[in-house]
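Q: I'd like a close look at one part of this protein, the stretch around its first helix. Could you walk me through what that part packs against and how it fits into the rest of the chain?

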Amino acid sequence: MIDMRRLNWTSYNAANGYLTVGGGITTGEMANATHALGKEITVGSCPCTGALGVTMGGGIGRLMGRHGLIIDSLVEMRYVLADGTAITLNNQTDTELWWGVRGAGQNFGIATQATYKVYDQVNDGNHYAVDMEFSMSQLQQILTVINAQSEALPESLALFFVAVPVGSTGGPIIAINFVYSGPVVDSQKYLQPWLEISPVTFSDRVVQWDSLP
């Protein structure tokens, strides 16, 4: 194991809209730094994971409907190969290795820093976040709603579906995290089908996007 935790710095280039981060930064720290600039980028669903590790695996997050996977925003990396050579890696310096690291980067070397394209915040960075729990007997109804919404899923809506062995009711439940990155009033037509199947628990709030992980 190689501990790069102290490489947790960030640097923003306002001229090109690129954010460069150290190889030890977490997704939570990256989200906080980006939010402080009035920007946003897809990050993972957990704040404690290493941002570069998540990136090199593809990078799923709640903003991927708008900005794609985390790796879609990756511009360049500082990369150390197995023989100790440190290189600047992008889609021009080595197209084959660049293709390989974008999804399987942990297999070819160690990323000590990465540069990403970041984007202006939508809706002033405000997201409407809803958490709902359903009983296991409601699985068919849940899948019906998910399938219907995923056919034309708007870029502003993200849905997380998790089966939990012990929920707030004390038994197994299905947890749905519904996040809409626009005005609350615009989200209601997408939320209504969930309310119609009667969640066991329901909570909602408006949060800044960097607190979503």
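**Helix α1 and its surroundings**

A: Let's start with what α1 leans on in this predicted model: its buried residues pack against β1 (10-13), β2, β3 (39-40), α2, β6 and β11 (201-208). Most of the helix is covered, with seven of its ten residues buried. Those seven are Thr 27, Gly 28, Met 30, Ala 31, Ala 33, Thr 34 and His 35. Just after the helix comes Gly 38, which has a positive phi, near 80°.

Now follow Met 30 inward. The largest nonpolar core has 30 residues, and Met 30 belongs to the group that touches the most other members, together with Leu 52, Met 77, Tyr 79 and Tyr 116. Helix α1 (27-36) is one of the elements that give two or more residues to this core; the others are β2 (18-22), α2 (51-56), β4 (74-80), β5 (86-89), α4 (95-104) and β6 (110-117). Three of those elements, β2, α2 and β6, also turn up in the list of what the buried residues of α1 pack against.

Tyr 79 gives a good sense of how that core is put together. Leaving out residues up to four places away in sequence, Tyr 79 touches Met 56, Thr 85, Ala 86, Ile 87, Leu 89, Leu 97, Val 101, Gly 105, Phe 108, Gly 109, Ile 110 and Ala 111. Apart from this core lies another one, of 15 residues, including Phe 134, Ile 146, Ile 176 and Trp 194.

Where does the annotation fall? The unreviewed UniProt entry places "domain: FAD-binding PCMH-type" on residues 1-121. That span is 25% helix and 26% strand, and its end C-alpha atoms lie 36 Å apart.

Two of the elements that α1 packs against, α2 and β6, also show up at the largest pocket, where each supplies at least two residues of the lining. Helix α2 gives the most, with four residues. The pocket has a volume of about 320 Å³. Seventeen residues line it, and those nearest its centre are Ile 2, Met 4, Gly 23, Ile 110 and Ala 111. Ile 110 and Ala 111 are also among the residues that Tyr 79 touches. By class, the lining is made up of nine nonpolar, six polar and two charged residues.

The second largest pocket holds about 240 Å³ of space. Of its 16 lining residues, Met 64, Leu 153, Leu 157, Ala 158 and Leu 159 are the closest to its centre. Here α3 (64-67), α5 (139-150) and β9 (157-164) each contribute at least two residues, and β9 has the largest share, with five. Its lining has ten nonpolar, four polar and two charged residues.

Tyr 190, in helix α6 (residues 184-196), is worth a glance here. Its C-alpha is 9.5 Å from that of Leu 153, although the two are 37 residues apart in sequence. Setting aside neighbours within four places in sequence, Tyr 190 is in contact with Gln 149, Pro 154, Leu 157, Phe 178 and Tyr 180. Leu 157 is also one of the residues closest to the centre of the second largest pocket.

There are also enclosed spaces: two cavities of 30 Å³ or more. The largest has about 50 Å³ of space and is lined by Thr 42, Val 43, Gly 44, Gly 61, Arg 62, Leu 63, Trp 209, Leu 212 and Pro 213. That lining divides into five nonpolar, three polar and one charged. The second largest cavity has about 30 Å³, and its lining is Arg 62, Leu 63, His 127, Glu 155, Ser 156, Leu 157, Ala 158, Val 179 and Ser 181. Arg 62 and Leu 63 therefore appear in both linings, given that a lining residue has an atom within 4 Å of a point.

Finally, the whole chain. It has six helices and eleven strands, and its C-alpha atoms fill a box of roughly 55 × 35 × 30 Å along the principal axes. Of its 213 residues, 44% count as buried. Among contacts with a separation of 6 or more, 64% come from residues 24 or more positions apart. Helix α1 shows some of that reach itself, with its buried residues packing against β11 (201-208) as well as against β1 (10-13).

Terms used. Residues are numbered from 1 along each chain as its sequence is written. This is a predicted model: local features need pLDDT of at least 70, side-chain atom pairs count only at pLDDT 80 or more; totals for chains, interfaces and linings use all residues. Side-chain values use heavy atoms; hydrogens and water are left out. A nonpolar core is a set of buried Ala, Val, Leu, Ile, Met, Phe, Trp, Tyr and Cys residues joined through side-chain atoms within 4.5 Å. Buried means under 20% relative accessible area, exposed over 50%, partly exposed in between (1.4 Å probe, protein chains only). Contact means heavy atoms within 4.5 Å. On a 1 Å grid over the protein atoms alone, a cavity is a set of points where a 1.4 Å probe fits but cannot get out, and a pocket is an open set with protein on both sides within 12 Å along at least five of seven lines; lining residues have an atom within 4 Å of a point. Grid points are joined across faces, edges and corners, and a volume is the space filled by probe spheres set on the points. Ala, Val, Leu, Ile, Met, Phe, Trp, Tyr, Cys and Pro count as nonpolar, Asp, Glu, Lys and Arg as charged, and the others, Gly among them, as polar. UniProt positions are given in the numbering used here, feature names are shortened, and annotations may be inferred rather than shown by experiment.
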